[in-house]
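Hi there,

Here is the structure I promised to pass on to you. Have a look at it first, and my notes on what turned up follow below.

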Amino acid sequence: MTDAPAGDAGGAGPRAVEPDLWRGHVVIGRSASRICVLDPGDPGRCLKFELPPEEQGRTTWRNRLRRRIGRTLPYFGYTSAEWRAYCRLRRRLGPVLHRHVAECFGLVWTPQGVALWSKRIVNEDGTPARRLHHWLTVERRYRADTLLEAVDRLEAFLLEHSIPLFDLNTYNLLVCEDAHGRVRLVSADIKSVALGKKLLPLSRWFPVLMRHKLHRRAARLRRRIGQALVPAGGCA
Ligand SMILES: Nc1ncnc2c1ncn2[C@@H]1O[C@H](COP(=O)(O)OP(=O)(O)OP(=O)(O)O)[C@@H](O)[C@H]1O
Ligand SMILES: [Mg+2]
């Protein structure tokens, strides 16, 4: 998974560097299975494609099997799964969902394949939001407390609305900053809401198990932040 392109793409200023291109599209971010590029018709939106097998990163046998099934039966592919997950949540919650989940507009068919069409996650000033991973490993712009509080708010939101978003990792969450410097974590990847990893998804069926799992995932994220950044008042 690369972090550098996320947020750099489309920054056509005086210091603009050569954009990272994929099949002629400007890359916003890429991960093990998919790539997110700027919508050529609207820089406020993006298109997310599944990478062809030879361009995908290494992963577990389970994910490899899932990718293969997705290629044969697109319904089970990551792109359709994410769109299904989005539609279900959007129907249930309305626009409040977009506080912590990128808005999606549909599936689009392009010469490069089917893509999920979404709003690009940006800061309030319009600059591209970066992955949490970037702020833990490349630049240290935010204090640990600031990011930990953002995790608290995300966790409270998921619990309040019973959203089984368990993929709370530093690559899927982007840090959005408002005009007052307050930050909010926004998920760029909700496919896991539709594609659970378990044969028997008990934590989706039983609210109490869902809550426990969300607590565990949020706690893991807090530990990750704590390991990367020294909290205020702590020693190096
Ligand atoms: N709406 C968006 N706005 C801005 N960046 C985005 C958006 N959607 C995706 N990205 C970028 O693209 C990257 C890859 O997206 P995503 O995590 O959905 O891919 P993936 O391959 O399914 O992930 P995984 O490796 O977790 O399976 C994200 O980490 C993020 O940097
Ligand atoms: Mg992801």
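Arginine 23 sits in the loop that links β1 (21-22) to β2. Please keep in mind for this residue, and for everything else below, that the model is predicted. Arginine 23 is not a glycine, yet it has a positive phi of about 50°. That caught my eye because most residues other than glycine have a negative phi. Arginine 23 counts as exposed, since it has 12 C-beta neighbours inside 10 Å and the limit for that class is 12 or fewer.

Serine 162 also has a positive phi, near 50°, and it too is a residue other than glycine. You will find serine 162 in the loop between α4 and β8 (173-177). Is its place buried, exposed or partly exposed? Serine 162 has 13 C-beta neighbours inside 10 Å, so it counts as partly exposed.

Now for the overall picture. The protein has 7 helices and 9 strands. Of its 236 residues, 36% are buried. If you take the contacts between residues at least 6 apart in sequence, 63% of them join residues at least 24 apart.

The ligand may be the part you want to open next. Ligand 1 is surrounded by 22 residues, and the closest are Gly29, Ser31, Cys36, Ala188 and Asp189. Which class supplies 10 residues of this shell? The nonpolar class does, alongside 5 polar and 7 charged residues. Three strands, β2 (25-30), β3 (34-39) and β4 (42-50), each contribute at least two residues to the shell. The largest share, 3 residues, comes from β2. Where does ligand 1 lie with respect to domain 1 (21-119) and domain 2 (130-228)? Both domains give residues to the shell, so ligand 1 lies between them.

Next, a pair of helices. The axes of α4 (residues 144-160) and α7 (residues 207-228) come within 10 Å and cross at roughly 170°. Angles over 145 degrees count as roughly antiparallel, and α4 and α7 are therefore roughly antiparallel to each other. On the α4 side, the contact is made by Ala144, Leu147, Leu148, Val151, Glu155, Leu158 and Leu159. On the α7 side, the contributors are Arg211, Leu214, Ala218, Leu221, Arg222, Ile225 and Gly226. By class, the residues of this contact divide into 10 nonpolar, 1 polar and 3 charged.

Proline 207 belongs to helix α7 as well. With 12 C-beta neighbours inside 10 Å, proline 207 counts as exposed. Its C-alpha atom is separated by 9.4 Å from that of leucine 159, and the two residues are 48 apart along the chain.

A few more individual residues are worth a click. Leucine 132 lies in helix α3 (residues 132-137). Why does leucine 132 count as buried? The reason is that 27 other C-beta atoms lie within 10 Å of its own, where 20 or more are enough. Leaving aside neighbours within four places in sequence, leucine 132 is in contact with Thr170, Leu173, Val175 and Leu185. The C-alpha atoms of leucine 132 and leucine 174 are separated by 5.4 Å, with their positions 42 residues apart along the chain.

Arginine 66 is part of helix α1. It is partly exposed, with 19 other C-beta atoms within 10 Å. From the C-alpha atom of arginine 66 to that of phenylalanine 76, 10 residues apart along the chain, the separation is 7.7 Å.

Proline 52 is placed in the loop between β4 and α1 (61-72). How many other C-beta atoms lie within 10 Å of proline 52? There are 10, so proline 52 is exposed. The C-alpha atoms of proline 52 and serine 33 are 8.4 Å apart, and the residues are 19 apart along the chain.

That is everything from my side. Enjoy exploring the model!

Best wishes

Technical notes. Residues are numbered from 1 along each chain as its sequence is written. Chains are lettered from A and ligands numbered from 1 in the order in which they are written. This is a predicted model: local features need pLDDT of at least 70, side-chain atom pairs count only at pLDDT 80 or more; totals for chains, interfaces and linings use all residues. Axes are lines fitted to C-alpha atoms, for helices over the stretch in contact, and angles run from 0 to 180 degrees between N-to-C directions. Helices (H or I, at least four residues) and strands (E, at least two) are DSSP runs, numbered from the N terminus. Angles under 35 degrees count as roughly parallel, over 145 as roughly antiparallel, 65 to 115 as roughly perpendicular and the rest as oblique. Two residues are in contact if their C-beta atoms, placed from the backbone, lie within 7 Å. Ala, Val, Leu, Ile, Met, Phe, Trp, Tyr, Cys and Pro count as nonpolar, Asp, Glu, Lys and Arg as charged, and the others, Gly among them, as polar. A residue is near a molecule or strand if its C-beta atom, placed from the backbone, lies within 6 Å of it. Domain bounds come from an automatic or database domain assignment.
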